[in-house]
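I am opening this notebook to record what I looked up, entry by entry, starting with charged pairs and ending with backbone geometry.

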Amino acid sequence: MTFSAADLPVRRLDLTDLTACLDLADSRDWTREEHKWRLLLTAGQGYGIDAPAGDRAGGLIATVVVTAYGDRHRCLSMVLVAERYARRGIARHLMRHALAECGPVTVFLSATDQGRPLYEQLGFKAVGTVTTIRGTFTGAVPPPAGAASTVRPATAADLPAVLAYDGPVFGTDRTALLTRLPAFADRFLVAEDAATGRLTGFAAAWPNPSSIVIGPVVADDTATAQALIARLGAEAPRAIRYDVDARHPELDRWLRANGLTGDRPCALMVLGAPDIPGDITRRFAPYSVALG
């Protein structure tokens with residue numbers, strides 16, 4: 001079939017496209033993550049390309065989702081192209097469309113080795129690495145004794161404090177995403193200073209077909225992050241997944257000492273700024289970048 005990728009129309013996706021998105025993901029050996037796709041198509045804006053005329057298989061052949069963080073930042077995820085249309089310029093065409101829709105803002109994403117060359121050609125720069133690790137959390141190595149924070153389940157009354165805490169850590173407004181966290185997550189915890197009651201972190205765990213994903217994890221320090229993760233890991237009904245940032249080697253070692261393994265890295269990439277916004281010293285696991 002002869003065609004120009006640039007001539008294929010890009011359309012907006014919504015929840016009526018959920019099954020088509022899952023089918024496309026499945027065709028590329030991605031897990032059918034309905035829970036995640038449903039959140040992204042609700043909290044973000046999906047874009048897709050349908051099979052051109054003459055393709056008997058039909059269906060959705062390419063996707064990308066843009067999630068807005070306030071007015072100045074966008075996160076791209078779920079970049080997929082059907083195998084039969086790989087290496088024909090479709091991903092580049094769709095990415096250019098998505099970036100044009102984003103406008104003059106900072107855009108960031110998580111890139112596999114396969115996708116990284118395209119993103120570099122579009123101007124993205126690698127600024128870090130995250131590695132996906134999985135396993136049954138053993139609790140063999142507990143968090144440091146005497147941590148100043150106590151951990152408890154979050155309530156609706158905690159949400160304003162969570163939003164206020166999150167803003168400086170991520171350097172952008174994630175209200176539209178975080179307000180969906182209580183309904184999206186199976187478990188949502190907060191950490192508080194034992195003496196003052198001040199919020200010192202929060203974390204959540206949400207279900208995937210084969211694992212429980214832990215993220216976001218936002219905390220004052222590594223010990224508080226460990227206390228939050230340990231509670232979520234101990235309560236997880238099956239193996240957990242964690243996307244650990246290379247800039248947190250102590251946390252990486254601790255997670256592996258508690259039964260998690262893996263060596264599949266992805267590059268964190270950014271366009272329009274020197275780095276992903278926010279404070280990496282308190283950002284231990286993302287919520288959105290980890291979804292991609």
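Is R198 buried, partly exposed or exposed? I looked this up in what is a predicted model, and found R198 to be partly exposed, with a relative accessible area of 44%.

**Entry 1: salt bridges**

I next asked what R198 pairs with, and found that its side chain meets that of D220 in a salt bridge, at 2.7 Å from N to O. R198 sits in the loop between β8 (187–193) and β9 (199–207), while D220 sits in the loop between β10 and α8 (222–235), so this pair ties together parts that lie 22 residues apart in sequence. D220 is also partly exposed, its relative accessible area being 25%.

I then took the total for the structure, which comes to 22 salt bridges, and picked out further cases to go through by hand. R28 forms a salt bridge with E83, and the closest N and O atoms of the two are 2.8 Å apart. Because R28 belongs to the loop between α1 and α2, and E83 to the loop between β4 and α3 (90–102), the pair ties together parts that are 55 residues apart in sequence. I noted R28 as partly exposed at a relative accessible area of 22%, and E83 as partly exposed at 42% relative accessibility.

For D158 and R152 I found a side-chain salt bridge of 2.8 Å, N to O. Here the partners fall into separate classes of accessibility, since D158 is buried with a relative accessible area of 11%, whereas R152 counts as partly exposed at 26%. I also noted that R11, D17 and D50 are linked in a network of salt bridges.

**Entry 2: cysteines**

How many disulfides does the structure hold? I found zero, and went on to check the sulfur distances against the cut-off of 2.5 Å for a disulfide. The cysteine sulfur closest to that of C21 is in C75, and at 16 Å it is too far away for a bond. For C75 the closest cysteine sulfur is in C102, at 9.7 Å, which is again too far for a bond. Both C21 and C75 are buried, each with a relative accessible area of 0%.

**Entry 3: H73**

I turned to H73, which lies in strand β4 and counts as buried at 4% relative accessibility. Its side chain is joined to that of T172 by a polar contact of 3.0 Å. Leaving aside residues up to four places away in sequence, I listed what H73 touches as T67, A68, V105, T106, F108, G171, T172 and P277, so that T172 appears both in this list and as the polar partner.

**Entry 4: backbone geometry**

Which residues have a positive phi although they are not glycines? I recorded D29, with a phi of about 65°, and M78, with a phi of about 55°. D29 is found in the loop between α1 (18–27) and α2 (34–43) and is exposed, with a relative accessible area of 73%. M78, in contrast, lies in strand β4 (residues 73–81) and counts as buried at 2% relative accessibility.

Last, I looked at the peptide bond from G215 to P216, which is cis, with omega near 5°. P216 is found in strand β10 (residues 212–219).

Notes
Residues are numbered from 1 along each chain as its sequence is written. This is a predicted model: local features need pLDDT of at least 70, side-chain atom pairs count only at pLDDT 80 or more; totals for chains, interfaces and linings use all residues. Side-chain values use heavy atoms; hydrogens and water are left out. Helices (H or I, at least four residues) and strands (E, at least two) are DSSP runs, numbered from the N terminus. Buried means under 20% relative accessible area, exposed over 50%, partly exposed in between (1.4 Å probe, protein chains only). A polar contact is a pair of N or O atoms within 3.5 Å; within protein, one must be able to donate a hydrogen and the other to accept it, and residues adjacent in sequence count only if both atoms are side-chain atoms. Contact means heavy atoms within 4.5 Å. A salt bridge is a side-chain nitrogen of Lys or Arg within 4 Å of a carboxyl oxygen of Asp or Glu.
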